[in-house]
Structures are given as structure tokens and as C-alpha cells.
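Trainee: I would like to go through the labels used for this model and the reasons behind them. Could we take them residue by residue?

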Amino acid sequence: MNRERALQVVLVLVGLFYSLCGYILFDDLWHLRWLSGHSDVMPMFLSLNTTLGVCLLVAAKQPAKHRLMIAYGAWSSLAHAFTMTIQSAQALAHGMHRKDSPQDIVIFVVIGVTLLALLPAKQPSPAGAPISEPRFAER
């Protein structure tokens, strides 16, 4: 399997994984779980991941054209894992355990590293069209 095909498979799997957050989000909002648990952050987090999942599914068709979205998916997954690692360490230092298991940290690290490893190469800019110079349509 070539690199681009592997990336497409990973994008579909990760996109579906993140899109599943939409179901969890709908369920939480419908049953008011976020309100009873005093967790207004969780629905916002789930909405961002659901959106990211849909964008990664769109990017799977032509990964080279969606390099920035793929990079965002990778770096946001790593940032999420880093944040959960800090929360776990702080909870442990205070004699508490995080509600979620440490496997979720590993999952987000694997997602981030895999997307970065398969990230398509930068496409060269078209000759004569530097990015800093806007192109205007002639009238």
C-alpha cells in the first residue's frame, strides 16, 4: 500500500472516530447529561471533534489539497493528549484518579503521530504567484 492510500485509510478511520463524537454530543444534549454533571466543557469539546472528524473525512478524498487540515488534526490530537497527561499527573499528585483510563492518552498520541508521519509533502506555489502578492481578476 502506498503512502497516500495509507493516509486515506487513516483519515477515514480517524474521521469516523471523531465523527462518532457527534452521537455522544447529541445524546448528552438530548438527555441533559452535561447539565446534571455540571460539565459544560464536554459538549463544546465534542462539537469541535465532530467537526474535525467531518473535515478529515472530506480531506481523505484528496489529502494533498488538505494538508493544513490534516496537520491541524494531528497537532490538536497531540495537544489533547498532552493536556490529559498533565491532568492525570496532577490528579495522581493529589491522590485522585482521572475518570478516564490512560489508554485514551495513548489513542490520541497514536492518532497525532500517525497523521504527522503520513502528512503529504508541501506543494510548491505556482510560478509567478507568490503567496504575499494577491491576484486580482482583470475586468
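Mentor: Start with D104, which is placed in helix α5. Keep in mind that this is a predicted model.

Trainee: Why is D104 called buried?

Mentor: The relative accessible area of D104 is 14%. Buried means under 20%, so D104 falls in that class. Apart from neighbours within four places in sequence, D104 is in contact with M84 and R98.

Trainee: What makes M84 and R98 contacts of D104?

Mentor: Contact requires heavy atoms within 4.5 Å, and M84 and R98 are in contact with D104 on that basis.

Trainee: Which aromatic residue of helix α5 pairs with Y18, and why is that pair called stacked?

Mentor: The residue is F108. The ring centres of Y18 and F108 are 6.2 Å apart and the planes are at 20°. A pair needs centres within 6.5 Å, and planes under 30 degrees apart count as stacked, so Y18 and F108 make a stacked pair. The pair links distant parts of the chain, with Y18 in helix α1 (residues 3-30) and F108 in helix α5 (residues 103-118), 90 residues apart.

Trainee: Are the two residues Y18 and F108 buried or exposed?

Mentor: Both Y18 and F108 are buried. For Y18 the relative accessible area is 1%, so the label follows from the value, the limit being under 20%.

Trainee: How many aromatic pairs does the whole structure hold?

Mentor: A search of the whole structure finds three. One of them joins F17 and Y18, with 5.5 Å centre to centre and 50° between the planes.

Trainee: What makes the pair of F17 and Y18 tilted?

Mentor: Stacked needs under 30 degrees and edge-to-face needs over 60. The angle of 50° for F17 and Y18 meets neither condition, so tilted is the label. F17, Y18 and F108 form one aromatic cluster.

Trainee: Why does F17 count as partly exposed?

Mentor: F17 has a relative accessible area of 36%. Buried is under 20% and exposed is over 50%, so F17 belongs to the class in between.

Trainee: Y18 also appears among the contacts of T50. What else does T50 touch?

Mentor: Leaving aside neighbours within four places in sequence, T50 is in contact with Y18, S19, C21 and G22. T50 itself is found in helix α3.

Trainee: How do you know that T50 is buried?

Mentor: The relative accessible area of T50 is 18%, and the cut-off is under 20%, so T50 is buried. A polar atom of the T50 side chain lies 2.7 Å from the backbone oxygen of L46.

Trainee: At what angle does helix α3 pack against helix α4?

Mentor: Helix α3 (residues 41-59) and helix α4 (residues 67-93) pack at about 145°, with axes 10 Å apart. The crossing of α3 past α4 is left-handed. In the contact, F45, L52, C55, L56 and A59 of α3 meet M69, I70, Y72, G73, S76 and H80 of α4. By class, the contact has eight nonpolar, three polar and no charged residues.

Trainee: What makes G73 buried?

Mentor: G73, found in helix α4, has 0% relative accessibility; the limit is under 20%, so G73 counts as buried. Beyond residues up to four places away, G73 touches L52 and L115. The C-alpha atoms of G73 and G53 are separated by 8.6 Å, and these residues are 20 apart along the chain.

Trainee: Which side chain has a polar atom 3.2 Å from the backbone oxygen of G73?

Mentor: That of S76, a residue in helix α4. Between S76 and F108 the C-alpha distance is 9.0 Å, with their positions 32 residues apart in sequence.

Trainee: Why is A64 called partly exposed?

Mentor: A64 has 34% relative accessibility. That value is neither under 20% nor over 50%, so A64 counts as partly exposed. A64 lies in the loop between α3 and α4 and is in contact with P120 and Q123, its neighbours within four places in sequence left aside.

How values were computed:
Residues are numbered from 1 along each chain as its sequence is written. This is a predicted model: local features need pLDDT of at least 70, side-chain atom pairs count only at pLDDT 80 or more; totals for chains, interfaces and linings use all residues. Side-chain values use heavy atoms; hydrogens and water are left out. Axes are lines fitted to C-alpha atoms, for helices over the stretch in contact, and angles run from 0 to 180 degrees between N-to-C directions. Helices (H or I, at least four residues) and strands (E, at least two) are DSSP runs, numbered from the N terminus. A crossing is left-handed if the near helix is turned anticlockwise from the far one by less than a right angle, and right-handed if clockwise. Ala, Val, Leu, Ile, Met, Phe, Trp, Tyr, Cys and Pro count as nonpolar, Asp, Glu, Lys and Arg as charged, and the others, Gly among them, as polar. Buried means under 20% relative accessible area, exposed over 50%, partly exposed in between (1.4 Å probe, protein chains only). A polar contact is a pair of N or O atoms within 3.5 Å; within protein, one must be able to donate a hydrogen and the other to accept it, and residues adjacent in sequence count only if both atoms are side-chain atoms. Rings of Phe, Tyr and Trp (its six-membered ring) pair if their centres lie within 6.5 Å; planes under 30 degrees apart count as stacked, over 60 as edge-to-face and the rest as tilted.
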